[in-house]
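Please open the model in your viewer and keep the selection panel at hand. The tour begins at the ligand and then moves outwards to the whole chain.

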Amino acid sequence: MSSNASPGAAAALIVAAGRSQRAGGDVPKQYRTLGGKPILRWSAEAFARHAAIGPIHVVVAEGEEARAEALLAGLPVTVGRGGATRQQSVRLGLEQLAASNPARVLIHDAARPMLAADLIDRVLGGLNEAPGSCPALPVVDSLRRGGDSIEGEVPREGLWRVQTPQGFDFLLIRAAHASAAEGATDDAEVLRAAGHQVRLVPGDEKAMKVTLPQDFETAERLLDWVTLSGSGYDVHKFGPGDHVWLCGVPVPHSHGLIGHSDADVGLHALTDAVLGALGDGDIGTHFPPSDPQWKGASSDRFLAHAASLVAAAGGRILHVDVTLICEAPKVGPHRPAMLARLADILHDHAPRLSVKATTTEGLGFTGRREGLAAQAMATIRLPGWSKI
Ligand SMILES: Nc1ccn([C@@H]2O[C@H](COP(=O)(O)OP(=O)(O)OP(=O)(O)O)[C@@H](O)[C@H]2O)c(=O)n1
Ligand SMILES: C[C@](O)(CO)[C@H](O)COP(=O)(O)O
């Protein structure tokens, strides 16, 4: 993904050097997946899609640079080293960003993956009013001080739960961090303590910080999954040959199928069904027949590409269903091999697979054995909370 940045765009600094002591797990939470996508990648993509964001810099713990670069592949980001505390990570990240000379910077926790474009807009809007801008949500529960029992009340009026991204005048926040005492839990406080105004702007419940083990499940639910279906249809004509390719399997036959690629109608219809569910063109858009590199190509790569687009959108294929329409060859004996091949091409993307066959009772072009047709249906699940 290339940057959409407009001139004068703000920089983004994503802090991802934490150790996830509260979340636990085998790897730090920013490297775990949410909706099939690494947590760190979610917010990096959100910044990369936003036209008002320019350079994007990520700081990670020592030794994690290669892992972070691999999971951020294809995004216009740079990766540097963070520090032992969040405050130190921000300070180091700001120093590393100084070479880009941004006028403004948005500082964001990698642990807040659901970063909506309108939250970025609100934070940038706040920066037009003050040198600092901080998204926050009102406290709605009653607050009490205590240990095992309640010892007193804490009035909630005027209290806010602050989130990220927090926006700043770059030179002011860099200077404030350079001279700040240790112990600040966020950057708005660092700027305020240095004597500058920080504007509060409305936050977003979905910009929650994944902190505790149970937060992964909550975050998955907040992705607002949408279920989408697509259909595909394809026809190829019989010609000379002794086998046809169907759903990735060579099936012996008195004829072959004529086509630019291997003419696998099953995989072509299914690829179109997956692309249809995504709303991302058709097989010809992605693999133009005019392009000589697809001559004789094995069609499994077309389907694998469509599946990779679903995965890149943080989604998952739930179900695919292919119907092959022909008088011959007989499909039944080859069905187990076709299902195994589809599972192989789709890896673990599609838990439910179906291949069916029908004749047209001697009617039409398939009935006259002039060609072979296939129709397919795919159902996918995509995170619906932001426009992807
Ligand atoms: N030395 C640190 C500590 C934290 N962070 C980042 O600051 C954000 C907010 O921190 P938090 O949720 O507290 O993450 P962790 O420090 O990883 O969690 P814990 O406190 O449970 O260990 C996270 O994106 C985290 O990666 C950082 O860049 N450098
Ligand atoms: C910056 C922050 O996300 C604002 O809510 C938060 O303070 C960082 O998390 P931590 O748990 O305090 O390290």
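Which atom of ligand 1 lies 2.9 Å from a polar side-chain atom of Lys-209? Select Lys-209 together with ligand 1, bearing in mind that this is a predicted model, and you will find that the partner is an oxygen atom of the ligand.

Add Arg-22 to the selection next, where an N or O atom of the side chain is 2.8 Å from an oxygen atom of ligand 1. Then select Ser-89, whose polar side-chain atom lies 2.7 Å from a nitrogen atom of the ligand. With these contacts on the screen, switch on a surface for the protein, which covers 88% of the 570 Å² of accessible area that ligand 1 has on its own.

Now widen the selection to the shell around ligand 1, which holds 19 residues, with Val-15, Ala-17, Gln-21, Arg-22 and Ser-89 coming nearest. Colour this shell by residue class, and it divides into six nonpolar, seven polar and six charged residues. The site that you are looking at is the largest pocket, and ligand 1 sits in it. To see which elements give two or more residues to the shell, select β1 (10-16) and α3 (86-97).

Finally, zoom out and show the chain as a cartoon, in which the secondary structure comes to twelve helices and 19 strands. Turn the C-alpha trace along its principal axes, where the spans are about 85 × 50 × 35 Å. The radius of gyration of the chain is 27 Å, whereas a compact globule of 388 residues would have a value near 21 Å.

Terms used
Residues numbered from 1 in each chain as written. Chains lettered and ligands numbered in written order. Predicted model: local features only at pLDDT ≥ 70, side-chain atom pairs only at ≥ 80, totals over all residues. Heavy atoms only, no water. Near = heavy atom within 4 Å. Polar contact = N/O pair within 3.5 Å; in protein donor to acceptor, adjacent residues only side chain to side chain. Areas by Shrake-Rupley, 256 points an atom, 1.4 Å probe, with all protein chains shown as cover. 1 Å grid on protein atoms, 1.4 Å probe; cavity = no way out; pocket = protein on both sides within 12 Å on 5 of 7 lines; lining within 4 Å. Sits in = over half its atoms within 2 Å of the grid points. Helix = DSSP H or I, 4+ residues; strand = E, 2+ residues; numbered from the N terminus. Nonpolar A, V, L, I, M, F, W, Y, C, P; charged D, E, K, R; others polar. Rg over C-alpha atoms; globule rule 2.2 N^0.38 Å.
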